[in-house]
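Let's walk through this protein together, one question at a time. Keep the picture open while you read.

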Amino acid sequence: MAIVLFRVDDRLIHGQVVVGWGRPLGVSRIALVDDQVAGSAWEQDLYRMAVTPDVEVEFVTLAGAAARLRDWQSDLRRTLVLTGDLETMAALHAADPVTVHRINLGGVHHRAGRRERLPYLYLTDEEMARLAALEAAGAAVAAQDLPTTPPVTLKALV
């Protein structure tokens, strides 16, 4: 299995993703799935600065990622697929539920309407319902800020 993690983190590429997850999982590629970033060279340059030269970064649109999931999965490079929001991750799951079967909730931060579920995870009731629907569709959803901390199940977040 070349895709080692599907993570939702609204900060996208930052130290916790690169060092906290990337190193322990032996990641050699990060696929950042975001339509806006995929079209913005200066944003891509900023995110590349957070990654060591031995880690490849691909910036892809949602449509591009959906088309590449099976390729990444069969590739020998250990890949972390990263989205900045739940909607994008849900769309990836809908495109290929067999490949996108385990979803890690990382940093999803406060904004209007969200409430704290964990210190690093703020979700609206609607977002919780969307996550429950993902689980009902076969995805395993858990919150976990780092691989050294125990995962928190969706049921425990209610």
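Q: Is β3 largely enclosed or left open by the rest of the structure?
A: First, a word on the source: this is a predicted model, where local features need pLDDT of at least 70, side-chain atom pairs count only at pLDDT 80 or more, and totals for chains, interfaces and linings use all residues. Residues are numbered from 1 along each chain as its sequence is written, and side-chain values use heavy atoms, with hydrogens and water left out. A residue is buried under 20% relative accessible area, exposed over 50% and partly exposed in between (1.4 Å probe, protein chains only). Four of the five residues of β3 are buried, so this strand is largely enclosed.

Q: How many helices and strands does the protein chain have?
A: Both kinds are DSSP runs numbered from the N terminus: helices are H or I with at least four residues, strands are E with at least two. Counted that way, the protein chain has six helices and nine strands.

Q: Which strands stand at the edges of the open sheet?
A: Two strands pair if DSSP finds at least two bridges between them. The sheet has seven strands in the order β3-β2-β4-β1-β5-β8-β9, with mixed pairing. A strand with a single partner has one side left without a neighbour in the sheet, and that goes for β3 (56-60) and β9 (152-153).

Q: What is the bridge partner of Ile30 in β3?
A: Strands β2 and β3 run parallel, joined by five bridges. Look along β3 for the residue bridged to Ile30, and you land on Val57.

Q: What is the bridge partner of Leu105 in β8?
A: Strand β5 (residues 102-105) pairs with β8 (residues 140-143) over four bridges, in the parallel sense. Contact means heavy atoms within 4.5 Å, and Leu105 touches several residues of β8, including Val141 and Ala142, when residues up to four places away in sequence are not counted. Its bridge partner there is Ala143.

Q: Which element gives the largest share of the largest nonpolar core?
A: A nonpolar core is a set of buried Ala, Val, Leu, Ile, Met, Phe, Trp, Tyr and Cys residues joined through side-chain atoms within 4.5 Å. The largest one has 31 residues, of which Ile103, Leu105, Leu121 and Leu157 touch the most other members. Several elements each supply at least two residues, among them β1, β5 and β8. The largest share, four residues, comes from α5.

Q: At about what angle does α5 run to β4?
A: Axes are lines fitted to C-alpha atoms, for helices over the stretch in contact, and angles run from 0 to 180 degrees between N-to-C directions. Helix α5 (residues 86-95) lies across β1, β2, β4 and β5. Its buried residues include Leu86, Met89 and Leu92. Relative to β4, the helix runs at about 125°.

Q: Is Ser28 buried or partly exposed?
A: You'll find Ser28 in the loop between α1 (15-25) and β2. Ser28 touches Asp54, Val55, Glu56, Arg77 and Arg78, not counting residues up to four places away in sequence. With a relative accessible area of 22%, Ser28 is partly exposed.

Q: How far apart in space are Ser28 and Leu62?
A: Along the sequence, 34 residues separate the two. Going from C-alpha to C-alpha, the distance between Ser28 and Leu62 is 21 Å.
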